[in-house]
Every structure is written in structure tokens, then in C-alpha cells.
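Dear colleague,

I am passing on a structure that will be new to you, together with some notes on what turned up when I went through it. Please open it beside this message and read the two together.

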Amino acid sequence: MSSIISCSYFRHTIKEPPSSFILQFNTDRQTVYRGGGKLMNKQSNFPKFMLLWAGELISAVGGGLTSFGLGVYVFQQTGSAASMALVTLLAFLPTLLLSVPAGVLADQYDRRLLMMLGDGCSALGILYILLCMMRGEAALWQICIGVFISSTFSALLEPSYRATVTDLLTKAEYSKASGLVSLAGSTRYLISPVLAGALLAVSDIKLLLIIDICTFFPTVFAAALVRKGIARKVAERQDSFLYSLRQGWKAVTGNHGILILITVSAALTCFMGTFQILAQPLILDFADSTTLGIGETVCASGMLASSLFLGAKGIQQGYVKKLCLSLLAAGVGMVGFGLWENIYPICLFGFIFFATLPVANNCLDYLVRVNIPDELQGRAWGLIGFLSQSGYVVAYGAAGVIADGIAARLQISVGRGAAWAIIAAGVLLGLTAAVLYLPKSVRGLEKETLC
């Protein structure tokens, strides 16, 4: 998911300014700023977006196979939630730290070329893990190195991909595109788990890694075709890196409502990251990998349902209210997910949780995107990704340790320790969602989008 809120494990998953940076859109035809302040008409390239989206869809399936397989592999090898969290942290940290410079690069260089380099080279990390496993069992430190390498190159992809969506589409298509992006992200939870569980029943994790490596190529090919069909827009003046960074910082922090939204998003990603980290050990504590795969697929069908609705209809108004309600429902889903050691209520509340994510992502994406001029989109996405997703670092670093600590103190299993941590995070998520609706500056963001 692609966005400010995401449940990515490896590569890709939501992630945009003072009033002086807001563009006024004509009701009949949209206009955007490009290099040197020159105003030019913006036309839709939805077929090209669909080509790029198809490549990301295939890539998401491959990434989901790897994340599922490595999660099961590490937990079976170590029996520790903290070890699983460490792998996820090292996979995520480079993307977070490099998101800001990657955003600046996305505004200064060819965005489609950066996507090709980022996605293509990130296969090297998966290939390293595969080679280690072919020589015997891969140690935890070797898996950590592999995911770190893959994530480092993937950092080039996210801001360029987000900014390319803005390049290709008109404002009226943003909401629909956001739903489709969420749909592509949902495949790593809807298709990948059940497919990985079936493949693990007849083979081992090496097959999953091989398939994942093969799925990198469609994304690179799609980006190459889109790059060939769209002329690169070059600014008349090449700003310095620090100057570009300062401009992006002003765009992000100059609007009080956007700043509050990003700050609260950091807390939200912390709570959701806790769920992401601990859901697998919770289920694996009483079930096998096949049941885990089926359970994850059923839960993720909630994301599919809401993504399909958003892809077809989008959201037309009430973005702030729908954002808060969806996050409140996500908190309820997390609490219910951890209450029972039974796959059926887990699937029910997991469905509720995942169904809320595309709605929240869509609202956040729209409220932020329409308040930032196109020439600042890349660096803005990078900065917003860094600030809002910093909550994942806290979750990935602490959630596994907390779950193991609860299990040791209460003398219960690691899975039940994970359940109590998820319940606590769900309660905090619901409270945060309720508070988010209070500031007038946040509600005012929606009024500005109607100008």
C-alpha cells in the first residue's frame, strides 16, 4: 500500500504545503506548474498508468511470496517474534532513511529511469538470500543483509512511482488511481499467502525466492515502455540538492493541517506496524503455515473489496470524516484480532482491519496530493514518507521485544504475548483516530481542495 499508511514487508506499499504552494485548478481543464514556473496543460495518460500499475501488481505478488516465506522461515528457525521484527526493520529502514534524497532525485532526474534502476537492482538482495540457502540454511544475519540490500535499491522506486502517477493523471483520476494502487498492494496479502502456503507444502522457500526474482522484470519493462511514451520534463534551472530539500520541507511543513496529518500518521503507522509484525507469530503459535496462508488471504480479501469499490467509484467528499472513521474501525479490527486463539474470529476481524486500509490511504493520499504543486511532488513524497513512516521503525524495533517480554512475564506463549500487544495497539489507534478529527486545520484541508 503502497501511501502514508502501508503494510509493506519488503518493497513498495501511503505517503503532500503552505497556501502559497497550492495550485488553483480550472473547473474545465487542469493545469500544473513545470520547470521555470511555466504553466502547461495536463492531459490524462490513464492507459500508461494501467501499464505501470500492471507491472507493480505482478511485482507485489512476488514480494508477497518472499515476505510470507521469510516470515515462516525465520519464526521456525528462531521461535522469536523479535527475530522476525529485526528482519522487517532492516528491510524497511533503508527505504525510510533514503526516501528524502530519493524524492529529491525524483524531481531532478528521469523518474521512470529511477524506477527501473530501483526495482531491477533490488533483485540482487533476494538473489543473495537464495544463494545462501542453496549452500545450506541461511543464517539470520545473511537474511538481514539480503533484505537490507533489496530495500536500499527499492528506496529509489517509491517517490518516483508516486510522482509518476501525478505526471500521468488528472486531478479527477487521483482517487480512482489510489484505489487501484491499493488493489495492487492487496495482492501481496490476498494472492501471495495462499499461493506461498500451497508452494511450501510441495517445495521450500527457495522456489518462492526464484519466483520473486522473476517478477522484478515486468515492472522494469513497464517502466521502460512508459518512459519511452512520455517526454521527460526538465526544469529550466537545476537546483542544488540542499535547495531542493529545503523547498520540499517548506511545502510539507508550511501548512498546519498537513503537518498535523503527517505527525498523527507517524503514530498510526506505529500502531499498524505492531499489527503487521505480530500477526504471523500470533497465528503460527497454534496453526501451521498452510492455515496461516489461508487466514492471511481471507483477511486481505477485505482490502480487495474496498479497493475494488474505490477503484470503481472513488471518494467524492467527506475525506476527513471517512479517514477518521476508517482508522477507528481499523482499531476495532485489531482488538478483535487478538482476543481469540481461533482462526475464524481472527479472519473476521482481520477482514475488517484490511478493509479499512484502502479507505484511509485514499483519503490521506487525496488530502495531501492536491495541496502540492507537481514540481515539488517527488521531494514532498520523500519527506512525507520519511516523517509519517517513522512510526514503523518504532514498531519494528519494539513490537517483537514487547511480545516476547509479555510472554515471559505472564508465562504464556509468544503468540499470546503478541496478541496482547496487538490489542493495546488497536485501542491506541482508535483513540488517535478520534483525536484527529478535532483540529480545524485538518478539516480545512478538504475545503481547500474544493477551490
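To begin with a single residue, does isoleucine 191 count as buried or as partly exposed? Isoleucine 191 has a relative accessibility of 39%, and because buried means under 20% and exposed over 50%, with partly exposed in between, isoleucine 191 counts as partly exposed. Please bear in mind, here and below, that this is a predicted model.

The surroundings of that residue are worth a look. Isoleucine 191 lies in the loop between α7 (174-190) and α8, and it belongs to a nonpolar patch on the surface that also takes in Val194, Leu195, Ile294 and Val298. Together these residues have about 360 Å² of accessible area, and α8 (192-202) and α13 (289-312) each supply at least two residues of the patch.

For the chain as a whole, there are 19 helices and two strands, and buried residues make up 61% of its 451 residues. The accessible surface comes to about 17,100 Å², of which 67% belongs to carbon and sulfur atoms.

Helix α1, which covers residues 46-78, has 33 residues and reaches 46 Å from its first C-alpha to its last, a span close to the 48 Å expected at 1.5 Å a residue. Just after α1 comes glycine 79, which takes a positive phi of about 65 degrees. A positive phi is also found in a residue other than glycine, namely glutamine 411, where the value is near 55 degrees. Glutamine 411 lies in the loop between α17 (390-410) and α18 (414-436), and with a relative accessible area of 74% it is exposed.

Two serines in helix α5 (residues 140-154) deserve a careful look, the one being serine 150 and the other serine 151. Serine 150 is buried, with a relative accessible area of 1%, and its side chain reaches the backbone oxygen of serine 122 at 3.0 Å. Serine 151, at 2% relative accessibility, likewise counts as buried, and its side chain reaches the backbone oxygen of alanine 91 at 2.2 Å. Leaving aside its neighbours within four places in sequence, serine 151 is in contact with Leu90, Ala91, Phe92, Pro94 and Thr95, so that alanine 91 appears both in this list of contacts and as the residue whose backbone oxygen the serine 151 side chain reaches.

Finally, there are two places where residues distant in sequence can be compared by their C-alpha positions. Alanine 395, which is in helix α17, is buried with a relative accessible area of 2%. Its C-alpha atom and that of phenylalanine 271, although 124 residues apart along the chain, are separated by 7.0 Å, and alanine 395 also touches Cys270, Gly273 and Thr274, not counting residues up to four places away in sequence. Leucine 364, whose place is in helix α15 (residues 343-369), counts as buried at 1% relative accessibility, and it is 103 residues from leucine 261 in sequence but 8.2 Å from it in space, C-alpha to C-alpha.

With best wishes

Terms used
Residues are numbered from 1 along each chain as its sequence is written. This is a predicted model: local features need pLDDT of at least 70, side-chain atom pairs count only at pLDDT 80 or more; totals for chains, interfaces and linings use all residues. Side-chain values use heavy atoms; hydrogens and water are left out. Helices (H or I, at least four residues) and strands (E, at least two) are DSSP runs, numbered from the N terminus. Buried means under 20% relative accessible area, exposed over 50%, partly exposed in between (1.4 Å probe, protein chains only). A polar contact is a pair of N or O atoms within 3.5 Å; within protein, one must be able to donate a hydrogen and the other to accept it, and residues adjacent in sequence count only if both atoms are side-chain atoms. Patches are made of residues with over 30% relative accessible area and no salt bridge: like charges are joined within 9 Å, nonpolar side chains (Val, Leu, Ile, Met, Phe, Trp, Tyr) within 5 Å. Accessible areas come from the Shrake-Rupley method with a 1.4 Å probe; for residues, only the protein chains shown count as cover. A salt bridge is a side-chain nitrogen of Lys or Arg within 4 Å of a carboxyl oxygen of Asp or Glu. The expected span of a helix is 1.5 Å times one less than its number of residues. Contact means heavy atoms within 4.5 Å.
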